[in-house]
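Me: I have a structure open in front of me and would like to talk it through with you. Could we go step by step, with a short answer each time?

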Amino acid sequence: MQSPPSAMHTAAPHITLAEGLRLPTNGLDYAILAIYFVVVLGIGFAARRSVKTSLDFFLSGRSLPAWVTGLAFVAANLGATEILGMAATGAQYGVAVVHWYWIGAIPAMVFLGLVMMPFYYRSKVRSVPEYLLQRFDKSAHLLSSALFAFAAVLIAGVNLYALAIVVEALLGWPQWVAIVVAGFFVLAYITIGGLSSAIYNEVLQFFVILAALIPICVIGLKKVGGWDGLTGSIEKQHGDNFMTAWGGTGIGDPNPLGANWLTIILGLGFVLSFGYWTTNFAEVQRALSAKNLSAAQRTPLIAAFPKIFIVFLVMIPGLVAAVLVPQIGAAGSGLTYNDAIPYLMQELLPNGVLGIAVTGLLAAFMAGMAANVSSFNTVFTYDIWAKYVVKDREDRYYLRFGRLITAIGVLASIGTAFIASSFSNIMSYLQTLFSFFNVPMFVVFIIGMFWKRASMKSGVWGLVAGTTAAMVNYFWIYKQGVIDIPSDQGANFVSAIVGFVAGAVVMVAVTLFTAPKPDAELAGLVYGTEPPADDEAEAAAAGDDAWYRKPALLGWGAMVLATACYIPYSF
Amino acid sequence: MSDLQKEVSDLERKSATAARLFDIRLIIGGLFTLYGVIVTIAGLTASDADLEKAEDININLWTGLGMLALGLFFLAWLKLRPASAPEPEE
């Protein structure tokens, strides 16, 4: 699933690359790309021998070290639509793009690690919907499982389609070739190696994408005369606010984002980002595969540190492109905002590094798709098939079924990608629609985790009410112009706040009239209950008590660092 | 303990990942060392056109050396602190 900003701004069908962006690739670049594809498959085959149970296949046996799951946590979100989309946001809105990282990701990641992870990990749930089943009832569980499974395939397909467009523009491959080739590789390495293979590839992709983006930033900055040259040119072209994070965000002030400081903090920073980072299974799954509670808590916290700095690697190319092509995004320039990074690759990178950059981009597309596929198969097998269709079979059966459904999921995404290429409007509409189902997830979780009385039935009603309210606000109040909100982006933030409040109110109301869950069934799921004694989860590995592995220190350190990063862009 | 917790604990005991999964540091180290060597060589043999395109930075050389250093770092880490896999139970 996509992170909150991308869901609106870079809904992949909108990724259209300009003509004439063909890269001057040569044999060296293709050799670098070919080596990567071989390694990707190799990881899949090498991971195969570690898959013995369904838990190995879907959650790596809950046994990976924290630095691996932490980097995978960042990389699962660092898909190519995110990279191209955030560079586009930088080119369009300027430094305000930092909000999606420092306020729109870090607090939520820290909250997941410090506050929510003990409930997730200790209760041994294998997916986010499974938590809802334990905490609420089957209706909340089935609703969220089905929606998640459907949305994951949809987004995997859209990712694949976006990859095809980019590959066609940059390398000249026909779209169907790119869709089939990338789909095949993802199918192969996930079906064979399971989540371990997906996670290992994500860690590798993380480093390759850094090796691709850093050279672009270095040369790009030199070309526009360093940071000072960049700031000077931008302020001349776009005004002073373009280089500040908060400039022009007073309530009632016009700014290109169409949002003010309150909707940024509450809508983006609180509702949307907490909903995405703490309840989206494609992310949480990485933490659930960690080897013990300490490692699971550290997963999003370790991820937070690279996340703080990655924004520079996407913002700088966006700003540099805005300087080099002042009309970027306008009809006459021949370039859309999404072209920022491909344009700089074409203009600045010699063969060799160019091959690394192409590899990084393709790796990011495949990882974005693989994260969705590897969370889809888990939810479909554990939450839908094993609970409602074929129950109580031996574990081997579910492992086999998991492999089968992975293949079906990939084929369905390939189908979705082809549909998207003919009906891109429908796809972007569907994506907008699905983004509203994420809105109330966080309110249901937070009330469920911290209010013991919240009744079994309140879960599903909170989900339904929050989604409905967010949709009504977006499609009726905003689109029909009942209230004037300047942009889609701003309307999206407001809809999130409305959905959150509606979900909370309905949950409280329903709880007052329906039965609570028996205390005994809530043990370990809700704040203030005693978790059942479990030595394995608690068993800290040797060295886990080292000061630099303390979750609280890591979490608060990330918060302080993110806040400090705001200072140079706030005055 | 709930049924779910029993089931998952049981699966955790049978799981083979911890004992059998290879160490990713080997792959990162190997791939980046190889990429580092290739890209460094491209940097050492860079043409004037390459240099001019990249604003007179020998970007292949620097990127190649950076990747090589990262690759060697992972290989050294693996060598100095090998993973201590728990004993397989069978």
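Me: What share of the accessible surface of chain B belongs to carbon and sulfur atoms?
Reply: Happy to start there, and keep in mind that this is a predicted model. The accessible surface of chain B totals about 5100 Å². Of that area, the part belonging to carbon and sulfur atoms is 61%.

Me: Which radius of gyration does chain B have, set beside that of a compact globule of 90 residues?
Reply: The C-alpha atoms of chain B fill a box of roughly 70 × 25 × 15 Å along the principal axes. A compact globule of 90 residues would come out near 12 Å. For chain B the radius of gyration is 22 Å.

Me: And what is the radius of gyration of chain A, and why does it agree with a compact globule?
Reply: The C-alpha trace of chain A spans about 65 × 55 × 50 Å along its principal axes. Chain A has 571 residues, so a compact globule would have a radius of gyration near 25 Å. The value for chain A agrees with this, at 23 Å.

Me: How many helices does chain B have, and what pattern do they follow along the sequence?
Reply: No strands turn up in chain B, where the secondary structure comes to 5 helices. Reading along the sequence therefore gives helices alone, since a run counts as a helix or a strand by its DSSP state. The pattern of chain B is α-α-α-α-α.

Me: Where does UniProt place the transmembrane region in chain B, and how much helix is there over residues 59–78?
Reply: The unreviewed UniProt entry puts this feature at residues 21–47 and 59–78 of chain B. Over residues 21–47 the chain is 78% helix, with the end C-alpha atoms 44 Å apart. Over residues 59–78 the end C-alpha atoms are 29 Å apart, and the helix content is 100%.

Me: Is A:Ala156 buried or exposed?
Reply: A:Ala156 is found in helix 9 of chain A, residues 138–171. Beyond its sequence neighbours up to four places away, A:Ala156 touches A:Met369, A:Asn372, A:Val373 and A:Ser413. Its relative accessible area is 1%, and the cut-off for burial is under 20%, so A:Ala156 is buried.

Me: How far apart in space are A:Ala156 and A:Ala371, C-alpha to C-alpha?
Reply: Along the sequence, 215 residues separate A:Ala156 and A:Ala371. Among contacts in chain A between residues at least 6 apart in sequence, 84% join residues at least 24 apart. In space, the C-alpha distance between A:Ala156 and A:Ala371 is 8.4 Å.

Terms used:
Residues numbered from 1 in each chain as written. Chains lettered and ligands numbered in written order. Predicted model: local features only at pLDDT ≥ 70, side-chain atom pairs only at ≥ 80, totals over all residues. Heavy atoms only, no water. Helix = DSSP H or I, 4+ residues; strand = E, 2+ residues; numbered from the N terminus. Rg over C-alpha atoms; globule rule 2.2 N^0.38 Å. Areas by Shrake-Rupley, 256 points an atom, 1.4 Å probe, with all protein chains shown as cover. Buried < 20%, exposed > 50% of the residue type's maximum accessible area, 1.4 Å probe, protein only. Contact = heavy atoms within 4.5 Å. UniProt positions renumbered as here; feature names shortened; annotations may be inferred.
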